[in-house]
Amino acid sequence: MTSDFLWAVRAQPTRGPKPALTLDRIAEAAVAVADAEGLTAVSMQRVAADLGFTKMSLYRYLPGKAELVALMVEHAVGAPPEVDPADWRTALRDWARHLLAAYARHPWALEATVGPRPLGPHELGWMEQALAALSGTGLSGTERLDTIAVLSGHVRMIAQQTAAARHPDAQFSAGITAALAGHADRFPALASTMAAAATESRHDQAFEFGLDRLLDGLHTLTKERTPS
């Protein structure tokens with residue numbers, strides 16, 4: 001797999017006929033298919049047909065399906081958000097919220113960003129933003145990378161649940177309540193916790209709750225790493 005095409009400067013021609021296809025047009029068509037029907041519906045032939053071209057025409061621009069998906073990720077997730085690197089906690093909170101919003105817009109990107117694949121400047125830019133915010137925390141290089149892995153894992157978990165259900169926490173709670181019917185005596189801690197939660201007004205707050213706890217723990221660690 002090659003990512004050279006993701007990094008090439010796309011100069012705009014000033015003279016002569018415009019190219020029949022562009023990477024941006026290909027990306028837009030492929031993203032439209034994935035948004036409507038999922039990533040499995042995307043193929044070189046399908047995207048070419050939607051654009052009114054033959055499958056072989058796409059191979060003039062992309063080596064194959066893996067590169068097409070990488071192009072889709074670059075186009076759909078987009079450039080990283082602007083965050084304030086001077087305040088690592090606020091920066092990481094904003095970063096995580098923007099990433100969750102990107103996955104909410106394009107749920108197929110969860111599947112597309114797993115495993116070895118071509119990486120483009122946008123995807124690396126997201127990592128750069130988060131790591132830059134951690135540069136003055138005293139954390140080691142491995143700890144900074146692990147922080148991004150844990151944060152992105154939390155985002156992905158919530159995004160996956162959200163993609164499966166409009167209100168994941170509420171639907172999961174409803175499923176537990178139904179399963180407990182007639183069996184509460186076997187799971188007393190779970191039953192009492194569910195009863196208590198039923199009287200509370202906050203629902204679907206797992207993302208913010210988890211994010212706060214992760215950042216709290218990171219704050220404690222940075223205090224250990226930096227001298228007072």
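Two rings of Phe, Tyr or Trp count as an aromatic pair if their centres lie within 6.5 Å, and planes over 60 degrees apart make the pair edge-to-face. This predicted model holds one aromatic pair.

**The aromatic pair**

The partners are Trp95 and Trp126. Their ring centres are 6.2 Å apart and their planes stand at 65 degrees, so the pair is edge-to-face. The angle is over the 60 degrees that this class needs. Trp95 belongs to helix H6 and Trp126 to helix H8, so the contact joins distant parts of the chain, 31 residues apart. Are the two tryptophans buried or exposed? Both Trp95 and Trp126 are buried.

**The fold**

The chain has 12 helices and zero strands. Read along the sequence, the pattern is α-α-α-α-α-α-α-α-α-α-α-α. The chain has 228 residues, and 36% of them count as buried.

**Salt bridges between helices H6 and H12**

The whole structure contains eight salt bridges. Among them are three that are set out below.

| Salt bridge | N to O distance | Separation in sequence |
|---|---|---|
| Asp216 and Arg89 | 2.6 Å | 127 residues |
| Arg93 and Glu208 | 3.2 Å | 115 residues |
| Arg93 and Asp212 | 2.4 Å | 119 residues |

Take Asp216 and Arg89 to begin with. Their side chains meet at 2.6 Å, N to O. Asp216 sits in helix H12 (residues 206-225) and Arg89 in helix H6, so this pair links distant parts of the chain. How accessible are the partners? Asp216 has a relative accessible area of 28%, so it is partly exposed. Arg89 is at 25% and also counts as partly exposed.

Next comes Arg93. Its side chain forms a salt bridge with Glu208 at 3.2 Å, N to O. Arg93 lies in helix H6 and Glu208 in helix H12, so the bridge ties together parts that are 115 residues apart in sequence. Arg93 also meets Asp212, at 2.4 Å, N to O. Asp212 is in helix H12 as well, so this second bridge of Arg93 spans 119 residues of sequence.

Burial varies among these residues. Arg93 counts as buried because its relative accessibility of 15% is under 20%. Glu208, with a relative accessible area of 22%, is partly exposed. Asp212 is at 22% relative accessibility and counts as partly exposed.

Which residues do the shared partners join into one network? They are Arg93, Arg97, Glu208 and Asp212.

**A charge over a ring**

Phe209 has a charged neighbour. Arg213 lies over the face of its ring, at 5.0 Å from the ring centre.

**The second largest pocket**

Rolling a probe the size of a water molecule over the atoms shows where empty space is left. The second largest pocket holds about 400 Å³ of space. Which elements give two or more residues to its lining? They are helix H5 (65-77), helix H6 (88-105), helix H8 (121-133) and helix H9 (141-164).

The lining of this pocket consists of 19 residues. Nearest the centre lie Tyr103, Arg117, Glu123, Met127 and Ser152. By class, the lining divides into 12 nonpolar, three polar and four charged residues.

**Helix H6 in the picture**

Helix H6 recurs in these results. Helix H6 carries Trp95 of the aromatic pair. Helix H6 also supplies Arg89 and Arg93 to salt bridges with helix H12. Helix H6 is one of the elements that give two or more residues to the lining of the second largest pocket.

Notes. Residues are numbered from 1 along each chain as its sequence is written. This is a predicted model: local features need pLDDT of at least 70, side-chain atom pairs count only at pLDDT 80 or more; totals for chains, interfaces and linings use all residues. Side-chain values use heavy atoms; hydrogens and water are left out. On a 1 Å grid over the protein atoms alone, a cavity is a set of points where a 1.4 Å probe fits but cannot get out, and a pocket is an open set with protein on both sides within 12 Å along at least five of seven lines; lining residues have an atom within 4 Å of a point. Grid points are joined across faces, edges and corners, and a volume is the space filled by probe spheres set on the points. Helices (H or I, at least four residues) and strands (E, at least two) are DSSP runs, numbered from the N terminus. Ala, Val, Leu, Ile, Met, Phe, Trp, Tyr, Cys and Pro count as nonpolar, Asp, Glu, Lys and Arg as charged, and the others, Gly among them, as polar. Rings of Phe, Tyr and Trp (its six-membered ring) pair if their centres lie within 6.5 Å; planes under 30 degrees apart count as stacked, over 60 as edge-to-face and the rest as tilted. Buried means under 20% relative accessible area, exposed over 50%, partly exposed in between (1.4 Å probe, protein chains only). A charge sits over a ring if NZ of Lys or CZ of Arg is within 6 Å of the ring centre and within 35 degrees of the ring normal. A salt bridge is a side-chain nitrogen of Lys or Arg within 4 Å of a carboxyl oxygen of Asp or Glu.
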